[in-house]
Each structure stands twice: as structure tokens, then as C-alpha cells.
Amino acid sequence: MIASFLARSSQSKTRVATKLASPITGLRFKSTGRTKKKLSKVKRIGFVGLGNMGLPMATNLFNGFKDKADFIIYDINQKTTSNFLKDHNTDPNNKDKVKVAKSPLEVAQEATVIVTMLPASQHVESVYFGKDGLFGALGENHLVMDASTIDQSMATRVAKALHEKGAKAIDAPVSGGTGGAQTGTLTFMVGSNTNADFELAKPYLEKMGKNIVYCGTNGNGQVAKICNNMLLGISMIATSETMNLGVRMGMDPKLLAGILNTSSGRCWSSEVYNPCPGVQENSAATRGYTGGFGMPLMAKDLRLAVNAAVDTKTTVMLGALAQQLYNQMAANKDYENLDFSAAYKWLSENSK
């Protein structure tokens, strides 16, 4: 009975950034009136974590600064770093335009501006504080931006440790999915110690995103992100349930989606990333739910939201139900590598 109820909640994640763009764009111009700080001339920019999101982000950042600074990258996947080197280290007059580091520590030794994009809190802890981690070489000349989605406590721990070394720390999780990463239209939800630090980071973030939103102190970027993704997870499940019901009752899915998207049920999951195959040409659903935002990542983000709710004694009944459904799908070998919109596929197969 619980399982059937869980199968009726609601999900969504590649990314509500598209809808956020209009209402929140103006917030990025908020200023405290403080004088802007300036870093010394940046000679090399570093990027750690070249996964599905990090690779296109690193590409856009490189293209945006290739005439101003050199680049250094690190990822545990050597094939990815080799391909990046092959594709971008093409300046005949500068054979070190792009370098591949042997460790995060080497990135911090070579670069004064660093972006990290990692899957979860344990990876952030390892990259920053582990053996040969970034922390070993960070100092007052460093600006470090972490775009990972992690728990708020880890973000504030990283920021505190960096501030003690004199470095500037930015938590800047993103919304917009792999599509937004590729087109450079991500929304960055930014937490920083001061507005001046935010202004320092903004030119770099603007090469990878369209909406750069100052959320306040360190850790607040993560607050905005997990709230966004909890809503996304809930709404994707709701959209999947709705589309599955309509199709099983004999409705044409494209017609149903069109009605929803001109009615009060309209949402990002129905309009931009519909989970029903065939409704949208370029959606993950139409390509067999491959690529996009994976089940384990949505399950992880929902766990972050639910854990935060426990810590703050906040009631999140639908968020908790969505978390359980995504946990179940992420643990299923037939779903663990699929996009999170495969909730529709799961509901359809379990409705028989």
C-alpha cells in the first residue's frame, strides 16, 4: 500500500532554471555597496570534475577566457582529460595552454581561480581535504567556486576552512541540466562571505551560466538548490502520474501535454522536460531516458532535502515520499543509469 502511494508523488530535475530565469534575474544585481576586491592577474584557471555537467561547463569557461588565461584540469577519468587536452590545447605558440594535473593539489599550485563540479559531499571532502587535495596549496590569492550540490554543512565547512587560509570561497550549485551546461545558460545559486566576493566570482560564472543569483552567505546557495530540486523531484513524479493516467485512459500524449501546458497544471516537468516518450523530440524520454540527470543524483538531492528537513524540524511529506521512490528506482539495476524522468517508465510498468 505504501509502495503504491509512493508511486504517486512527484519528481523533476534537469532543470527549473529555465523557468527561474525571468523572475529571479534581477536579484543578481543586488549590492551591499562595498568596494569590489580584485585578485591579482589570473594566469591560469583550474577546473576539477569533468563529468556530464563539468565537461561542458569547463569547455565554456575555457572558451570564455582562452585569450586571457591558461587552463589546468583534473578528473579521475583520464580519457576525459585526454580528450579535453586534445580538443583545446591547440595553440602552436603555447603548448602549455591546457595542462592535465596529476592531483587536485597540483591544480591549486598552478591556478588561482578554481571551479569544482563533483557528484556529492564525500567527493568534495576528498578533493578539498584528502591526500593531495586542494587545501594543501590554497592561500590568499585563490578564488574557489564549488558548483557541486552538497549538504549545507559541507559547504559551510569548506568555506570556513578556505577563509582561514585567506582564500575566497563560493558555493555555486547550478540548475539547468546538461542542456544548460552545454549552452552556457545555467542558473547559479551563489553563497559567499561578502557581496564583493560574489562580484569577483560573477565574471567566471557568467561564462557558464545565464542567471547568476546572489543568495547571501556561504551555504545559502545549497539551500536554494536543494529546495529547487525537492520541488523538481515532486513535480516530475506528479507529471509522470498524470501522463500515465491519461495515456492509460486512451488520451493522445501530445494532445494531453498540450492541454496541460496551456492550463493550470502547467509546470517545467510537463512543458520543458516531459517524461512521456514521443511528446518532445529532444527529451531524455524520447531517447530511452539516456543521458540527462541520473536517478542516483536525484535520489541524493532529495536525501539532502529530507535530511535538512529533519535538522530544522520541517514537515516535507511529499518530499519524503519522492525521496523513497527515487531511492527505490536508483537501487534498481534497470533504472540506476537512467534519467530521473524515467519515473514515468517505472509508473507505467508498475501499473500493469
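Helices and strands are runs of residues assigned by DSSP, a helix having at least four residues and a strand at least two, and they are numbered from the N terminus. In this predicted model, M117 is placed in the loop between β4 (113-116) and α6 (121-129).

**The chain as a whole**

The chain contains 15 helices and 9 strands. Of its 352 residues, 55% count as buried. Among the contacts in the chain with a separation of 6 or more, 76% are made by residues 24 or more positions apart. The mean pLDDT of the chain is 89, and 89% of the residues reach 70 or more. Over residues 1-37, however, the pLDDT is below 50; in the model this stretch has 116 contacts beyond near neighbours in sequence.

**Strands β1 and β2**

Strand β1 covers residues 44-48. It is largely enclosed by the rest of the structure, because 5 of its 5 residues are buried. Both of its faces are covered: R44, G46 and V48 are buried on one side, and I45 and F47 are buried on the other.

Strand β2, residues 70-74, is likewise mostly covered, with 5 of 5 residues buried. One side of β2 carries D70, I72 and Y74, the other carries F71 and I73, and all of these are buried.

The parallel pairings of these strands are set out below.

| Strands | Sense | Bridges | A residue and its partner |
|---|---|---|---|
| β1 and β2 | parallel | 5 bridges | I45 in β1, F71 in β2 |
| β2 and β3 | parallel | 3 bridges | F71 in β2, V98 in β3 |
| β1 and β4 | parallel | 4 bridges | V48 in β1, T116 in β4 |

In addition, F47 stands opposite I73 in β2. F71 thus has a bridge partner in β1, namely I45, and another in β3, namely V98.

How are these strands connected along the chain? Strand β1, helix α3 (residues 54-65) and strand β2 form a β-α-β unit that is right-handed. From β2 the chain then crosses through helix α4 (residues 78-88) to β3, and this β-α-β crossover is also right-handed.

**The surroundings of M117**

Is M117 buried or exposed? M117 has a relative accessible area of 14%, and it counts as buried because this value is under 20%. Leaving aside neighbours within four places in sequence, M117 is in contact with F47, V48, G49, M53, G54, M57, A147, S148 and V174. Two of these contact residues, F47 and V48, are also among the buried residues of β1. M117 and A172 are 55 residues apart along the chain, and their C-alpha atoms are separated by 9.6 Å.

**Helix α11**

Helix α11 spans residues 253-260, and its buried residues are L256, A257 and L260. Seen down the axis of α11, these residues fall within an arc of 100 degrees, so they line one face of the helix. The buried residues of α11 pack against α10 (220-248). At the N-terminal end of α11, D252 acts as a cap: one of its side-chain oxygens lies 3.2 Å from the backbone nitrogen of K254.

Technical notes:
Residues numbered from 1 in each chain as written. Predicted model: local features only at pLDDT ≥ 70, side-chain atom pairs only at ≥ 80, totals over all residues. Heavy atoms only, no water. Buried < 20%, exposed > 50% of the residue type's maximum accessible area, 1.4 Å probe, protein only. Pairing = 2+ DSSP bridges. Right-handed = clockwise from strand over helix to strand, strands pointing away. Arc of directions from axis to C-beta. Contact = heavy atoms within 4.5 Å. Polar contact = N/O pair within 3.5 Å; in protein donor to acceptor, adjacent residues only side chain to side chain. pLDDT = per-residue confidence, 0-100.
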